[in-house]
Amino acid sequence: MNAYNNTNKPFQAGLKKGIFLVLVLCLHAGLFAQTLLDSISFGGVMRDFLVHLPPGFSNSQHLPLVFNLHGTPSDAGQEEFYSRMSITADTNNFIVVYPDGLGNQWNVGFNSPYASGVDDVGFISKIIDTMAQLYNIDLTRVYSCGMSDGGFMSHRLACELENRIVAIAAVSGLPTDSTAFHCTHTRNIPVMQIHGTADPLVPYAGFQSGDTGFYSVEQTIDFWLNKDQCSFVSDTTFLPDINTYDSSTVQKIHYGSCGSSTEVLFYKIIGGGHSWPDAPLDYIYGPTNRDIDASQEIWNFFKQFSNVAAGITEPAQT
């Protein structure tokens, strides 16, 4: 998968993390929200993550937590700026964590053997423990979303950390073949997928190269429908074409008859490219849809779900 990870770069940005952080901090200063840089030791390496706290935050609030994972070769600060999820958090009163992947990427499941390489699942789990200690988060309401590589990683977390991650959303990211094959999913988990039909980097039709590849969007939806014991009958809504200049439209495809009151939700961006809907910047990888705000739609999906068993502590991570 070198063509995906190295040659075709899902998120190009010329600005450095520090510039993005200054922009975001200035944006939120008047609201008394704050984005803080933190780090933990994991696997013998100091690893960074950003924590965005909404206005008036207090540990007594016991707030939900959303992980927002960047794409390759982006980083945490760029993902905060690009997704604008901190703005959504400020108006909806939840915490966002933007972790940094080593080398600006995530171990999403392309390695062979599958369990080799950087333990990013363990890293995310340790951040959850850290956030519980420092910010008294609600462990029954921890979610993960991400762009591109971050979406791939969110699918892996749904399979391997489902006792801590309540629901996931992936934007232009799909499960690798290996992630699906090795999925140890033991409970029904709500899944939301946002994907453009004209995505040139993570093709709607998936990718196969020998024994390595990733699912198509249709395979991804079917995979989670089976895992979540859902009916394959969907409710499709054609959303209003609010912005007629973005070269794309949106279908909202909902599967609600699933086990354990879970759901699978798919936003099909017809004509959309490799992008986060309503992001502040347009890139060369196809149209950015302006009919929906991905960050708000993701939170609207997440806030429906909690899991009383989701606070189970993982084995000690180092």
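A residue is called buried here if its relative accessible area is under 20%. By that criterion, 55% of the 318 residues of this protein count as buried. The model is a predicted one, and its chain is arranged into 9 helices and 12 strands. Among contacts with a separation of 6 or more, 70% are made by residues 24 or more positions apart. The accessible surface amounts to about 12,400 Å², and carbon and sulfur atoms contribute 53% of that area.

The interior may be approached through its nonpolar side chains. In soluble globular proteins, nonpolar side chains tend to be buried together. In the present model, the largest nonpolar core has 50 residues, and F67, I95, I127 and M131 are those with the most contacts inside it. Helix α5 gives the most to this core, with 7 residues. A second, separate core comprises 31 residues, including A76, Y82, V96 and A167. As for F67, its contacts beyond four places in sequence include I124, I127 and I128, each of which is a buried residue of α5. F67 also touches V97, P99, V142, Y143, S144, C145 and I165.

Helix α5 itself merits a closer look. This helix covers residues 120-135, 16 in number, and reaches 22 Å from its first C-alpha to its last, close to the 22 Å expected at 1.5 Å a residue. Because 12 of its 16 residues are buried, α5 is largely enclosed by the rest of the structure. The buried set consists of D120, V121, G122, F123, I124, S125, K126, I127, I128, T130, M131 and Y135. What lies over these residues? Their cover includes the strands β1 (34-42), β2 (45-53), β3 (65-69), β4 (95-99) and β5 (142-147), together with helix α6 (149-160). Just after α5, N136 adopts a positive phi of about 50 degrees.

One of the buried residues of α5, F123, also takes part in an interaction with a charged group: the charged end of R47 sits over its ring, 3.7 Å from the centre. A comparable arrangement involves Y114, where R156 lies over the face of the ring at 4.2 Å from the ring centre.

Aromatic rings also associate with one another. A pair of aromatic rings is described by the distance of the centres and the angle of the planes. The structure holds 14 aromatic pairs. In one of them, F223 and W224 meet edge-to-face, with 5.0 Å from centre to centre and 80 degrees between the planes; both F223 and W224 are buried. The pair formed by F301 and F305 is edge-to-face because the ring centres are 5.2 Å apart and the planes stand at 65 degrees, an angle that is over 60 degrees, as the edge-to-face class requires. F301 and F305 are both buried, and they belong to a cluster in which ring pairs link them with F94, Y143, W299 and F302. Y143 is also one of the residues touched by F67.

Several loops carry backbone features that deserve attention. In the loop between β3 and α3 (76-83) lies P73, and the peptide bond leading to it from T72 is cis, with omega near 5 degrees. The loop between β4 and α5 contains P113, which is joined to S112 by a cis peptide bond with omega of about 0 degrees.

Positive phi values are found in residues other than glycine at two further loop positions. R84, in the loop between α3 and α4 (85-92), has phi near 55 degrees. The relative accessible area of R84 is 32%, so this residue is partly exposed. S247 lies between β10 (235-238) and β11 (249-255), and its phi is near 60 degrees. With 55% relative accessibility, S247 counts as exposed.

A final loop residue is D199, located between β7 (191-196) and β8 (207-209). Is D199 buried or exposed? Its relative accessible area is 5%, and therefore D199 is buried. Beyond four places in sequence, D199 touches S172, Y204, G272, G273 and H274. D199 and G286 are 87 residues apart in sequence, yet their C-alpha atoms are 6.6 Å apart in space.

Conventions:
Residues are numbered from 1 along each chain as its sequence is written. Side-chain values use heavy atoms; hydrogens and water are left out. Rings of Phe, Tyr and Trp (its six-membered ring) pair if their centres lie within 6.5 Å; planes under 30 degrees apart count as stacked, over 60 as edge-to-face and the rest as tilted. Buried means under 20% relative accessible area, exposed over 50%, partly exposed in between (1.4 Å probe, protein chains only). A charge sits over a ring if NZ of Lys or CZ of Arg is within 6 Å of the ring centre and within 35 degrees of the ring normal. Helices (H or I, at least four residues) and strands (E, at least two) are DSSP runs, numbered from the N terminus. The expected span of a helix is 1.5 Å times one less than its number of residues. Contact means heavy atoms within 4.5 Å. Accessible areas come from the Shrake-Rupley method with a 1.4 Å probe; for residues, only the protein chains shown count as cover. A nonpolar core is a set of buried Ala, Val, Leu, Ile, Met, Phe, Trp, Tyr and Cys residues joined through side-chain atoms within 4.5 Å.
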